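The exercises below are meant to be worked through with the sequence and the model side by side. Each task is followed by a solution that goes step by step.

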Amino acid sequence: MQDLITGLVHHPYEPPAGFGAVMPAVHKASTVTFPNTAAMRARSWKSKQGYTYGLHGTPTTFTLEERIAALEGGRFCALAPSGLGAIVMTNIALLKQGDELLLPANVYGPSREMARTLLADWGITHRLYDPLDASSLAAAISERTKLVWLEAPGSVTMEFPDLRGLVAAAKARGVLTALDNTWGAGLAFRPFELGVDLVMQALTKYPSGGADVLMGSVTSRDEALHQRILQAHMRLGIGVAANDAEMVLRSLPTIALRYHAQDAAARTLAAFLQQQPAVKQLLHPAFEGSPGHAHWRSTCSAAAGLFSVLFDPVLPAERIDAFVDALRLFRIGYSWAGPVSLVVPYDLGLIRGADAARQGTLVRFSVGLEAVADLQADLAQALRQLD
Ligand SMILES: *Cc1c(COP(=O)(O)O)cnc(C)c1O
């Protein structure tokens, strides 16, 4: 079978007659005109066969939707102006007053924040489950549960969940599952083949790869489910600008090269840090001893260029901050998958109910596209702050 990336590079589009450019054109619109009233009435905003209004799609955003669907192995895709926007759109599409939402305990922070605030205000409750233990999810499901979010691995703490067990637990009770696939990027594993219903991705990360675009996607294989997402998309009035879609289209053909290069570089640096006396635990799902490593091994063929390190709790937070401040190539900043390597220190106690085994300061590294030897030298010089 042809490789996914070959299909993505050769993904069909129709250039104007006689102009076989490799990249698709950029079409921008709010207004789209109709040839006559009959054509106007016949066209539906829900149909991808025609165009009605810029908010509901242009040839440029439709092309990107098709390519993201191809990347994820799905059939239908809706775009949102950010990854978080895609999460919110999914929640609004699928939940109503009285429903309950289940989130992994290590879920992307702003997703939990939305559940705690907006969803709670609208009479939608949420509960947390342990992503490493499918029986914890099974026990949390009630008559009111309408959606289970999955995330692989968990944000910041990087535990790789028992995706097969979690999907089976949700399916046994007829509950929909949505996976935040930002880390997997469509390249580490095939979520729809595990039975997931909806696959969300922050296109901000690997599909963009530039640290300069915000966008999200929600992909499905089921048309009726996609229609529910699309209706929320329309009612919320969220659209994606053609120039932003163009930037993601420009980056997509190189996604596999970047992903695998950043994966390899991250493993080199993670192995280096794991040997440092100040490091208590490496949190990278591809490494033995990292939580959920066995699930990663049975599910994935690759990993993102992202990992965290838990420092020895005897080291005060100020020393860790000094280490982070001493880094020159790793820049302090949120997000990941861009060209510049990034670093963020997190106080574990603040982001999660800290258990005794996991005290101390955690530092997350996102590996960019610099030469790995230079990044390792940067880590080595900054580690002197901890001697
Ligand atoms: C970045 C990220 C998001 C949100 O994406 P934005 O485009 O920044 O809103 C959601 N989930 C995960 C796992 C992310 O890393």
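**Exercise 1.** Into which domains is the protein chain divided?

*Solution.* The model is a predicted one, and its protein chain is divided into domain 1, covering 37-251, and domain 2, covering 255-386. As a next step, place the two relative to each other: the C-alpha centres of domain 1 and domain 2 are 27 Å apart.

**Exercise 2.** Describe the interface of domain 1 and domain 2, starting from the contacts and ending with the chemistry.

*Solution.* Begin with the residues that touch: 33 residues of domain 1 are in contact with 34 residues of domain 2. Then turn to area, where about 2,700 Å² is buried between domain 1 and domain 2, with carbon and sulfur atoms giving 63% of it. On the side of domain 1, the residues that lose the most area to domain 2 are V156, W183 and Y206, which together account for 29% of what that side buries.

For the polar part, the rule finds eight residue pairs in polar contact across the interface of domain 1 and domain 2, both residues of each pair being at pLDDT 80 or more, whereas the count of salt bridges across this interface is zero. Sorted by class, the side of domain 1 that touches domain 2 has 19 nonpolar, ten polar and four charged residues.

**Exercise 3.** Which of the 13 residues around the ligand come nearest, and what polar atoms lie by its oxygen atoms?

*Solution.* Of the 13 residues around the ligand, the nearest are G83, L84, D180, T204 and K205. Two of these can be followed through their backbone: a polar backbone atom of G83 is 2.7 Å from an oxygen atom of the ligand, and a backbone N or O atom of L84 lies 2.8 Å from a ligand oxygen atom. A side chain can be added to the picture, as a polar side-chain atom of W336 lies 3.3 Å from an oxygen atom of the ligand. Finally, consider the cover: the ligand taken alone exposes 380 Å², of which the protein buries 88%.

Methods. Residues numbered from 1 in each chain as written. Predicted model: local features only at pLDDT ≥ 70, side-chain atom pairs only at ≥ 80, totals over all residues. Heavy atoms only, no water. Domains from an automatic or database assignment. Contact = heavy atoms within 4.5 Å. Buried area = accessible area lost by both parts, 1.4 Å probe. Salt bridge = Lys/Arg side-chain N within 4 Å of Asp/Glu carboxyl O. Polar contact = N/O pair within 3.5 Å; in protein donor to acceptor, adjacent residues only side chain to side chain. Nonpolar A, V, L, I, M, F, W, Y, C, P; charged D, E, K, R; others polar. Near = heavy atom within 4 Å. Areas by Shrake-Rupley, 256 points an atom, 1.4 Å probe, with all protein chains shown as cover.
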